[in-house]
Amino acid sequence: MNQLIAQIERGKPLFEKVSRNIYLRAIRDGFIAAMPAILFSSIFLLIAFVPNIFGFTWSDEVEAMIMKPYNYTMGIVAVVVAGTTAKSLTDNVNRSLPKTNQINFISTMIASISGFLLLASDGIEGGFASGYMGTKGLLTAFLAAFVTINVYRVCVKNNVTIRMPEEVPPNISQVFKDIIPYALTILGIYAIDLAARQLVGSSVAEAILKFFEPLFTAADGYLGITIIFGAFALFWFVGIHGPSIVEPAIAAITYANIETNFQLLQAGQHADKVLTPGTQMFIVTMGGTGATLVVPFMFMFLCKSKRNKAIGRASVVPTFFGVNEPILFGAPIVLNPVFFVPFIFAPIANVWIFKFFVDSLSMNSFSVNLPWTTPGPLGIIMGTNFAPLAFVLAILLVVVDVVIYYPFLKVYDRQVLAEEESGNVNNELKDKVAANFNTSKADAILEKQLSDNTITEETNVLVLCAGGGTSGLLANALTKAAREYGVPVTAAAGSYGAHREILPEYDLVILAPQVASNYADMKNETDALKIRLAKTEGAEYIRLTRDGKGALAFVKEQLEN
């Protein structure tokens, strides 16, 4: 087992490089920026169709009124994502360009949306056909954004623009600067549209969907979901944020599938698409990557080791809401050979069981998007429109995960208990985690007390993680400690990729473990604004979230360096 883990770890630099790819990051950040519209629209699905379960049906007029906000948000999500993906990619490309010659993200957003409409929509009397403006057009939205930014990059980098005299106001000058790249983008995309219609007789969006349809079908099969969701856990086990690599590759499929499921339900048919965002959040990563919802409870009630019981108590609440870093790094589970098998297999077993319920028992799959912090069992029930079998499934998955983790937990508990009873602590695993997650700084910080010469000036701290959940743990610890010790520190949590507009308001940015691999890119942003930047990894981060005084000391040290 150790040799297998060592082999996987050797690929870590490559995986981290992939996770930093600007195109994958743009897809991920584009979805994050569009998430308010996606989640907001789901409220109206619940209002419109959940009453059907209890025998109540809205009239056609009322249903149309309820569904109008959904159609005008989720129904044009591809249009939104074309703009937000272009914005994210523009920000990434601008880091490599001189500060005096940057791409205008407003212009690229407009060009990307315009280009998307050319590729995805046919003209009809009075407007545009909207068939591919929703989730069906997501792949086309990415294509429009990628083409747009690359045309702008070439033009701006080589000064292929209209230059105005210095006397012209900057806002007017920017308009003329953007004319040529905008025109070349639209003409280039229009040429692609004309070629597609000539060669395949359809829009680019329709052609792309037909081309990838076999891949969508394969991804929804047992082998596909095993590879996809096994990769989530495998990457995380060696300390790489798996969703950063896997999610962008499947995002278009998952959101198209959930829209398809909704349409099937409306037509009175079986919603049978398994690969959806709900499957990822509430089946595969129930309680966080590794399906760890049950693990803190097992640590609390089934372990004899005092240390393991304490870790369980400290981890149970955040893990219940999908934030499982305390148990991952506190136990630790990551890089721990004892937990390799259950950490990888539990998510796969969960999604196999779910697919069996959908395919063989005719349970409807997910048709509603919910916030990822929704507790797993509740997310399963609500996301499937309160399907009766969903209650059975939620209970069954909890039982199965307990069974999978139990023998490995007992082995690990015996190891830790033996160490406690002998007084000889085996630090081999701790040292290995420290080697991979750089915990030495935290070890020193947590031994220190806050000196009399503490932070005296108002300091704003921004903690960033992948989705804004884990970062809240440290931000809350800092805020609570600052209030307790009378230190002028204000902390806030955010998600990497959605931080750029608020960045100038902060004096220090702290990267949580999932996004620590973005340190070099983030450093370019913070240096330009003269903001301090620190990264935390693994057990270091978890210790800081549990020790407010130590977290304040960490902030003080970063400000002094």
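Contact means heavy atoms within 4.5 Å. The model is predicted: local features need pLDDT of at least 70, side-chain atom pairs count only at pLDDT 80 or more, and totals for chains, interfaces and linings use all residues. Residues are numbered from 1 along each chain as its sequence is written, and side-chain values use heavy atoms, with hydrogens and water left out.

**Exercise 1.** List the residues that Ile 380 touches, and place Ile 380 in its nonpolar core.

Solution.
- Step 1. Leave out residues up to four places away in sequence; Ile 380 then touches Phe 282, Ile 283, Met 286, Phe 366, Ala 390, Leu 393, Ala 394 and Leu 397.
- Step 2. A nonpolar core is a set of buried Ala, Val, Leu, Ile, Met, Phe, Trp, Tyr and Cys residues joined through side-chain atoms within 4.5 Å. Buried means under 20% relative accessible area, exposed over 50%, and partly exposed in between (1.4 Å probe, protein chains only).
- Step 3. The largest such core has 141 residues, and Phe 299 and Ile 380 touch the most other members. Its largest share, 11 residues, comes from helix α16 (residues 340-359); helices (H or I, at least four residues) are DSSP runs, numbered from the N terminus.
- Step 4. A second core, separate from this one, has 12 residues, among them Leu 462, Val 509, Ile 531 and Leu 533.

**Exercise 2.** Determine which parts of the chain the salt bridge between Arg 25 and Asp 521 ties together.

Solution.
- Step 1. A salt bridge is a side-chain nitrogen of Lys or Arg within 4 Å of a carboxyl oxygen of Asp or Glu. The side chains of Arg 25 and Asp 521 meet this way, at 2.8 Å from N to O.
- Step 2. Arg 25 belongs to helix α3 (residues 22-49) and Asp 521 to helix α22 (residues 519-528), so the pair links parts that are 496 residues apart in sequence.
- Step 3. Arg 25 is buried, at 1% relative accessible area, whereas Asp 521 is partly exposed, at 21%.

**Exercise 3.** Describe the salt bridge between Lys 87 and Asp 91, then that between Arg 28 and Asp 29.

Solution.
- Step 1. The closest N and O atoms of Lys 87 and Asp 91 are 2.6 Å apart.
- Step 2. Both residues lie in helix α5 (residues 77-94); Lys 87 and Asp 91 are 4 residues apart, which means a separation of about one helical turn.
- Step 3. Lys 87 is buried at 13% relative accessibility, and Asp 91 is buried at 14%.
- Step 4. For Arg 28 and Asp 29, the closest N and O atoms are 3.2 Å apart. Arg 28 is buried at 10% and Asp 29 is buried at 2%.

Technical notes. Helix = DSSP H or I, 4+ residues; strand = E, 2+ residues; numbered from the N terminus.
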